[in-house]
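Subject: Structure for you to look over

Dear colleague,

I am handing over the structure we talked about, and I would be glad if you could keep it open while you read the notes that follow it.

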Amino acid sequence: MTFDEMKNLNPEDVDRDTLVDITDVEVDASLPKEAWFREYLRQIRNPYLFLCNGVVVKIAYSDTKDTIEDRLEQYIRQRQKG
């Protein structure tokens, strides 16, 4: 299955028994970044749709240079203003 196909899966149409629980994924943090990512993908199988403690999670990734930390900081600042 291609990444585009994985990304476009509807969580309601997927057999949850085919999804990997992210809490079971263990990757050696000492691996180089590229090797770490390959191993993560091998274990999680679909980085867009997986389980977390038995709950189906669908993730969307943005094509941006911002990190999750950047986005969280922006969110917190907006909440403090509003």
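Once its neighbours within four places in sequence are set aside, N46 is in contact with M6 and L9. Please bear in mind throughout that this is a predicted model.

N46 itself belongs to the loop that runs between α2 (33-44) and β1 (49-52), and with a relative accessibility of 8% this residue counts as buried, because the cut-off for that class is under 20%. Its side chain also makes polar contacts with the backbone further along: the side chain of N46 reaches the backbone nitrogen of Y48 at 2.8 Å, and a polar atom of the N46 side chain lies 3.3 Å from the backbone nitrogen of L49. The loop between α2 and β1 also holds R45, a residue that has a positive phi of about 70° although it is not a glycine.

From that loop the chain goes on into the hairpin. Strand β1 and strand β2 (residues 55-58) run antiparallel and are joined by four bridges. Within this pairing, L51 has V56 as its bridge partner in β2, while C52 stands opposite V55 in β2. The hairpin of β1 and β2 has two residues between the strands, and N53, which lies in the loop between them, has a positive phi of about 55° although it is not a glycine. Is N53 buried or exposed? With a relative accessible area of 62%, N53 is exposed, because the cut-off for that class is over 50%.

V55, which is found in strand β2, touches R16 and F50 when residues up to four places away in sequence are not counted. By way of contrast in distance, the C-alpha atoms of V55 and I76 are separated by 26 Å, and these two residues are 21 residues apart along the chain.

A similar pair of figures can be given for R79, whose place is in helix α3 (residues 68-81). R79 and L51 are 28 residues apart in sequence, and from C-alpha to C-alpha they are 29 Å apart in space. At 58% relative accessibility, R79 counts as exposed.

I turn last to the pockets. Which residues line the largest pocket? The lining is made up of I59, A60, Y61, S62, T64, D66, T67, I68 and R71, and by class these residues divide into four nonpolar, three polar and two charged. The volume of the largest pocket is about 330 Å³.

The second largest pocket holds about 260 Å³ of space, and its lining consists of K33, W36, F37, Y40, P47 and Y61. By class, that lining has five nonpolar residues, no polar residues and one charged residue. You will find Y61 named in the lining of the largest pocket and again in the lining of the second largest pocket, which may be a convenient place to begin when you look at the two of them together.

With best wishes

Terms used. Residues numbered from 1 in each chain as written. Predicted model: local features only at pLDDT ≥ 70, side-chain atom pairs only at ≥ 80, totals over all residues. Heavy atoms only, no water. 1 Å grid on protein atoms, 1.4 Å probe; cavity = no way out; pocket = protein on both sides within 12 Å on 5 of 7 lines; lining within 4 Å. Points joined across faces, edges and corners; volume = space filled by probe spheres on them. Nonpolar A, V, L, I, M, F, W, Y, C, P; charged D, E, K, R; others polar. Buried < 20%, exposed > 50% of the residue type's maximum accessible area, 1.4 Å probe, protein only. Polar contact = N/O pair within 3.5 Å; in protein donor to acceptor, adjacent residues only side chain to side chain. Contact = heavy atoms within 4.5 Å. Pairing = 2+ DSSP bridges.
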